[in-house]
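Hi everyone, thanks for having me. Today I'd like to walk you through one structure, step by step. Have a look at it first, and then we'll start with a small puzzle.

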Amino acid sequence: MAAGQTSYWVVEQIETRSEGRIDIDHVGESQLGTDADLIVQLLDGTLDIVAVGTSAFSSYTTLFDAVQAPFLLNGYEDEYKLFTSEEFLSIVAEVEEMFDIKFLGFAENGFRQFATVTRPITCVADLKGLKMRVINTNMLTSYMSALGANPTTLAYTEIYSGLQNKVIDGEEINISSCASQKHYDVVKYISVADMYCFPATYWMSGKTYRAIPEENFNLIKQCFMDGAERCFDTLLYELDDAFLQECIDAGVAVNYIEGAALKEFQDIAEPFLSEARESDPKVAAMIDYALSIRDAG
């Protein structure tokens with residue numbers, strides 16, 4: 001996936017640009033645990049740098065919850081603008097201070113789409129009664145319920161068998177995961193809606209930050225920011241196209257939710273954006289900025 005490839009690229013850049021001064025032991029593929037496990041190890045200084053989704057912070061703070069509000073953003077270009085904006089970085093600064101960690105950069109795993117077994121999703125009514133797997137946040141489970149579906153927070157590792165055994169009728173997922181996890185063996189339809197982003201964010205422990213020379217930290221952060229630019233410039237689009245084609249080649253039918261049908265999804269999402277705005281002034285500022293670039297597009 002794009003975030004994983006970005007991580008490997010960044011590590012290579014850090015070691016090359018530092019001319020051997022910085023050596024990084026990169027451990028990928030969730031070998032060190034889930035996002036929740038990684039945050040614990042980041043906060044206690046066991047790990048120097050971690051990559052986690054913003055939703056992983058929801059057990060500690062709600063400041064990032066609105067990043068994955070449904071239909072907050074139109075696409076990757078909007079997301080890159082948001083993650084480099086003063087409004088988002090103001091929230092980052094507060095999180096840094098709260099948890100003694102340092103923000104390094106970001107990447108993206110792919111906007112979330114609907115993948116279903118029983119029928120394609122062409123409008124809100126098609127979700128009625130379907131058991132849909134969603135990530136475990138209050139906003140997204142509530143939104144899925146508002147769409148008429150029955151949300152379930154099945155563990156990621158159990159999705160394939162859940163689809164296969166009809167424990168669930170579908171999922172909201174990024175196309176790269178649908179392909180890499182071979183969900184195309186069991187789902188029959190992918191309905192593209194670009195519901196919300198699924199970013200990876202990179203963080204350094206405060207313990208590590210204080211232990212390394214400033215020039216090393218600056219080089220590491222620059223490489224991560226260069227990685228973000230590369231990810232959002234070309235990599236995401238190339239991988240989305242390739243993974244979607246892989247799903248099509250496996251026999252999955254693809255449709256796009258557009259026009260009035262898409263607006264119905266967006267209209268149902270608006271109260272959740274309004275509620276999120278009320279949670280914190282900085283969150284409100286971030287949402288207002290995101291909506292300004294969304295609506296301008």
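Here is the puzzle: over which ring does the charged end of Lys102 sit? Take a moment to find it. The ring belongs to Tyr209, and the charged end of Lys102 is 4.7 Å from the centre of that ring. There is another arrangement of this kind to look for: the charged end of Arg112 sits over the ring of Phe198, 4.3 Å from its centre. Please keep in mind that this is a predicted model, and that the values I quote are computed from it.

Now let's turn to rings that meet rings. How many aromatic pairs does a search of the whole structure find? The search gives 20. To describe a pair of aromatic rings, we use the distance of the centres and the angle of the planes. Let's try that on Phe57 and Phe64. Their centres are 5.3 Å apart and their planes are at 70°, so we call this pair edge-to-face, given that an angle over 60 degrees counts as edge-to-face. Phe57 has 2% relative accessibility, so it counts as buried. Phe64 has 1%, so it counts as buried too; the cut-off for buried is under 20%.

Next, please find Tyr76 and Phe232. These two also form an edge-to-face pair, with 6.4 Å from centre to centre and 80° between the planes. Why does this pair tie together parts that are 156 residues apart in sequence? Because Tyr76 lies in helix α3, residues 76–83, while Phe232 lies in helix α9, residues 214–249. Tyr76 counts as buried because its relative accessibility is 8%, and Phe232 counts as buried because its value is 7%. If you follow the ring pairs onwards, they link up into a cluster, and its members include Phe57, Phe64, Tyr76, Phe232, Trp203 and Tyr237.

Let's move on to the sheet. Six strands make up an open sheet, in the order β5-β4-β6-β3-β7-β9, with mixed pairing. Which strands stand at the edges? They are β5 and β9, and each has a single partner strand, so one side of each is left without a neighbour in the sheet. From one strand to the next, the twist averages 30°. If you zoom in on β4 and β6, you'll see that they run parallel and are joined by two bridges. Arg133 stands opposite Glu171, which is in β6.

What packs on this sheet, touching β3, β4, β5 and β6? That is helix α5, and its direction makes about 155° with that of β5. Within α5, which covers residues 138–146, the buried residues are Met139, Leu140, Thr141, Tyr143 and Met144. Besides those four strands, the buried residues of α5 also pack against helix α10, residues 259–277. Just after α5 comes Gly148, with a positive phi of about 100°.

One last stop: Ser177, in helix α7, which spans residues 175–180. Is Ser177 buried or exposed? At 4% relative accessibility, it counts as buried. Its side chain makes a polar contact of 3.4 Å with the side chain of Tyr156. Leaving aside neighbours within four places in sequence, Ser177 is in contact with Met1, Tyr156 and Lys182.

That's my tour. Thanks for listening, and do ask me anything!

Note on methods
Residues are numbered from 1 along each chain as its sequence is written. Side-chain values use heavy atoms; hydrogens and water are left out. Buried means under 20% relative accessible area, exposed over 50%, partly exposed in between (1.4 Å probe, protein chains only). Contact means heavy atoms within 4.5 Å. Two strands pair if DSSP finds at least two bridges between them. Axes are lines fitted to C-alpha atoms, for helices over the stretch in contact, and angles run from 0 to 180 degrees between N-to-C directions. Rings of Phe, Tyr and Trp (its six-membered ring) pair if their centres lie within 6.5 Å; planes under 30 degrees apart count as stacked, over 60 as edge-to-face and the rest as tilted. A charge sits over a ring if NZ of Lys or CZ of Arg is within 6 Å of the ring centre and within 35 degrees of the ring normal. A polar contact is a pair of N or O atoms within 3.5 Å; within protein, one must be able to donate a hydrogen and the other to accept it, and residues adjacent in sequence count only if both atoms are side-chain atoms.
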